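Open the model in your viewer and keep the selection panel at hand. The tour goes from the contact between two chains to the nonpolar interior.

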Amino acid sequence: MSELRTSAEIGGMGHSVKRKEDPRFIRGKGTYVDDIIRPGMLYMDIVRSPYAHAKIKSINSEKALAHPGVAAVITGETLKEYNLHWMPTLMSDTQMVLPTDEVMYQAQEVAAVIATSRYAAADGVELVEVDYEPLPVLVDPFKALEPGAPVLRHDKEGQKDNLIWHWEAGDRDATAKAFESADVTIKQDIYIPRITVASIETCGIVAEFDSVEGQLTCWMTSQAPHAHRTVFAMVAGHVGLSEEKIRIISPDLGGGFGGKVPIYPGYVIAIAATVVTGAPIKWIEDRRENMQADSFGRDYHMTAELAADKDGTMKALRIKTIADHGYTDAATQPSKWPAGLFSICTGSYPFENAFVEVDGVYTNKPPGGIAYRCSFRVTEAVHAIERLVDILADEIDMDPAELRLKNFIPKEAFPYKSVLGWEYDSGDYAGALNLAMKRIGYADLLKEQKEKRAKGELMGIGISSFTEVVGAGNSRDFDILGLKMFDSAEIRVHPTGKVICRIGVQTQGQGHETTFGQIVAEELGIPIADIKVEHGDTDTAPYGLGTYASRSTPVAGAATAVASRKIRDKARKIAAYLLEVGEDDLEWEPGKFFVKGVPDKFKTIQDVAFAAYTNFPEGMEAGLEAVSYYDPPNMTYPFGSYICVVDVDGKTGEVKVRRFMAVDDCGNIINPMIVEGQIHGGLTMGLAPALFEEISYDEEGNIRGGSFMDYLMPTAMETPKWETDKTTTPSPHHPLGAKGVGESATVGAPAAIVNAVVDALSHLGVRHLEIPMTPERVWQAIRSATQAGNGS
Amino acid sequence: MATQEISITVNGTTHTSEVEPRLLLVHFIRENLGLTGTHIGCDTTHCGACTVMLDGTAVKSCTVFSVQANGKEITTIEGMTKNGELHPLQAGFMEKHGLQCGFCTPGMIMSSHALLQKNPHPSEEEIRWGISGNLCRCTGYVNIVKAVQYAADNL
């Protein structure tokens, strides 16, 4: 958006309004779930399996129950009485809440101890005696797919192997033909390891059942409170917990990044525990539990191929993927997309042919497959295509920037329909890359690299030009357990012109209380200071599907704009009545209606608000409020080009990101300060898996590490000073021309960093590196390459 | 379990309590005193969300027993605002958009407070080093560094 339509005092779109949520956080006055204390509250702690696969022969709770302060021990047998020992996952698979016979992954919940304090509950956990009989463990998804592999899910009728689903998109035969006739083909195995979101706040719940009213109230770490309430009602409706008697309050959340979308067994056990004991129950995970048992991200084993002409024109793409989903398919993705939106993997390029297939596989690992700061598997898709483009550039000896600029979908081609079925709304990919190259001084960097190489120094430049797909998501195609993925806003203008706006999405740090207020300010001209935004309480907020996959601005933001416009339409009628003119005689500028050609004759939106309750036309209903349940016509497609410069220490393999230039295009921007902050955070979450983070398991299914002592996250020391810029290509179908941005940087950054490190080593013959590019891995690559005789 | 009497001055007020010797300082602050601005993020002293000042030194209160703080003075995030006036660090975090979810923020502010007491005019590198014991998963640190610089300029 080129110009501001509102004053700084009103603070509509384009203003870097300071965040309304900050005053409480900087004083330590936020309210996170662990801050909730209820009278008579008991604490829950969980007994977890030390084995990745074992039979449970017996559970003895006697010693635990005899410990001072321990009130109850809940096992699978306890829950079985209520048929609550299993629950559906968000992908319509089934998941144990507590097992009665068998554990399927290390750290699986086996029993819960309820006690008068955290410490007594932890004591009780130590005293629960579980007798296990270890069973053979399957941790490798390739081995799990081999004929004759033990079938892990023998609880599922008709399940004869460990394949969860096979999914494919595109034309297999036409793609094969294109590969046969191509001048150049390249093929690369790429593994995107299992990682964890590690939001600094772990997950937790305070569950309180009022047996007189039959009312359940849960304060919980939820990115999707309404959807969670409905799922709880579906799970426990048969024991009398019906939806109108469940209230989910998601207070301040200490980060989410997708990890607070799934329903974890701990939540359900705590709910059962409050019903059984009659006391409020608090369960807060510790960090080990969070890392060992919560849903993971990524874990895609890809074999990616690209076919092109000699001149670099890209023709066809083919990717086969094995997706390790652990013991159950608890992925958080729209029901119709088993592999999420992975088929966006054709990226920013107009492939004529493409074919993608994914096999979901059961293993003895924690379940999941969340969209970790990513709109449903787009990170993996972008990583694959942006690595392939660089490998092709290397193969045909072409500059990777030139190769991209040659192939990009041209801006005149939008709306563009990709061969795998996505209709991209708008884009100017060359514009973003050209700006990034200019800002970072690409030509000078190439020169510098040449000089350094001559001196034996390792410097690399890497590009990633990504296309995102966000805003799930039109109700035709997107649903979670049948719940269609619209989103909502409900706006009430009070008589004095002050506003309450309630939205169906839930912030985890994105600044919704500010951003959504700015949308209302933009549309109604009411100052941001007079607008209160609420969310996260199912008793008051309109039904919505929650915040993840960058859907808040694209969907609930659109709902907020539409509801505001409904209010403006009614306000116009009232203003015409007050000014004694026809509606068509009025002009609107943010904050007031004035008579055309007579700017002195006007009514402010505040005048109209008061009149809506005191002096409105006969036959009109009183009040000034509106609701919108917005069903987007299409996804939105933010994009960008990132350029990363690294220096690699040839002796230690250490990678230093010297510069990182990120040019993003997320359409019209509501709050530039917040958008920039989202990009900084996203880039850091892209840097992390590229260089540091990985969750791995040994052959027995033991997690290697599992606390912050060994799961390396970037601190301020490792994180570069991010440089950002933007281009603006509005979405043609979003009411505000906005697109969403929260995940773009996480999606786009890893490939840029890998491309840079590979570029630093390419003259040695290195063509690919797996992530995380730890010093050891990089050093090994250098050593193998130099031993092969390619080194200087 | 046997208990022990402790007396700790928190944000200028002295509290005397009977506690189990194993009670962590962070739980004493959060649950016994109801000061919930100090957060728990990891249990292993890595994330820094529980950082408080103990007799003028920044400590991670998840790995200090409350009995170890007996007779000592503690400042938590709630003690940073004096007479309704924000501390320049608090103002800096808001001005420079140094927070998003806000969960790590109190710990970040306390660590930065310790840094600025020792080094009132730190360089960017010194600030990054000073907060390297605090993890933030939202902001990418760039704006946190700016927030601390803002505070240094306004102290």
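A residue counts as buried here when its relative accessible area is under 20%, and as exposed when that area is over 50%, with partly exposed in between. Keep in mind throughout that this is a predicted model.

**Stop 1: a buried pair across the chains.** Select A:Asp34 and B:Arg30. Both residues are buried. They form a salt bridge in which the closest N and O atoms are 3.4 Å apart. A:Asp34 sits in the loop between α1 and β1 (42-48) of chain A, while B:Arg30 belongs to helix α1 (residues 25-32) of chain B, so this salt bridge joins two chains. Now add A:Asp35 to the selection. A:Asp35 also forms a salt bridge with B:Arg30, with 2.8 Å between the closest N and O atoms.

**Stop 2: the neighbouring bridge in sequence.** Select B:Glu31 and A:Arg118. Their side chains meet in a salt bridge with an N to O distance of 2.4 Å. B:Glu31 is in helix α1 of chain B and A:Arg118 in helix α4 of chain A, so here too the pair joins two chains. The two ends are not equally covered: B:Glu31 is partly exposed because its relative accessibility is 27%, whereas A:Arg118, at 17%, is buried.

Which residues are linked with these in a network of salt bridges? Select A:Asp34, A:Asp35, A:Arg118, A:Lys282, B:Arg30 and B:Glu31 together to display the network.

**Stop 3: another bridge to helix α4.** Select B:Arg22 and A:Asp123. The salt bridge between them has its closest N and O atoms 2.8 Å apart. B:Arg22 comes from the loop between β2 (13-19) and α1 of chain B, and A:Asp123 from helix α4 of chain A, so the pair joins two chains. B:Arg22 is partly exposed, with a relative accessible area of 24%; A:Asp123 is buried, at 19%.

**Stop 4: the whole interface.** Select everything in chain A that touches chain B, and the reverse. The contact involves 56 residues of chain A and 48 residues of chain B. About 4,400 Å² is buried between the two chains, and carbon and sulfur atoms give 58% of this area. To see where chain A loses the most area to chain B, pick A:Ile26, A:Tyr119 and A:Ile200, which together make up 19% of what that side buries.

By the rule used, six salt bridges cross the interface of chain A and chain B, out of 55 over all chains. Polar contacts between chain A and chain B come to 22 residue pairs, with both residues at pLDDT 80 or more. Next colour α1 (22-26), α4 (118-127) and α17 (672-691) of chain A, the elements that give two or more residues to the side touching chain B. Of these, α17(A) gives the most, with nine residues. By class, that side of chain A has 26 nonpolar, 15 polar and 15 charged residues.

**Stop 5: the nonpolar cores.** Which residues have the most contacts inside the largest nonpolar core? Select A:Trp422, A:Val648, A:Phe660, A:Leu761 and A:Met773; the core itself has 178 residues. Centre the view on A:Trp422. Leaving aside residues up to four places away in sequence, A:Trp422 touches several others, among them A:Trp337, A:Leu341, A:Tyr416, A:Phe478 and A:Tyr637.

Finally, select A:Tyr711, B:Leu115, B:Val145 and B:Ala147. These are included in a second, separate core of 50 residues.

Methods
Residues are numbered from 1 along each chain as its sequence is written. Chains are lettered from A and ligands numbered from 1 in the order in which they are written. This is a predicted model: local features need pLDDT of at least 70, side-chain atom pairs count only at pLDDT 80 or more; totals for chains, interfaces and linings use all residues. Side-chain values use heavy atoms; hydrogens and water are left out. A nonpolar core is a set of buried Ala, Val, Leu, Ile, Met, Phe, Trp, Tyr and Cys residues joined through side-chain atoms within 4.5 Å. Buried means under 20% relative accessible area, exposed over 50%, partly exposed in between (1.4 Å probe, protein chains only). Contact means heavy atoms within 4.5 Å. Buried area is the accessible area (1.4 Å probe) that two parts lose on being put together, summed over both. A salt bridge is a side-chain nitrogen of Lys or Arg within 4 Å of a carboxyl oxygen of Asp or Glu. A polar contact is a pair of N or O atoms within 3.5 Å; within protein, one must be able to donate a hydrogen and the other to accept it, and residues adjacent in sequence count only if both atoms are side-chain atoms. Helices (H or I, at least four residues) and strands (E, at least two) are DSSP runs, numbered from the N terminus. Ala, Val, Leu, Ile, Met, Phe, Trp, Tyr, Cys and Pro count as nonpolar, Asp, Glu, Lys and Arg as charged, and the others, Gly among them, as polar.
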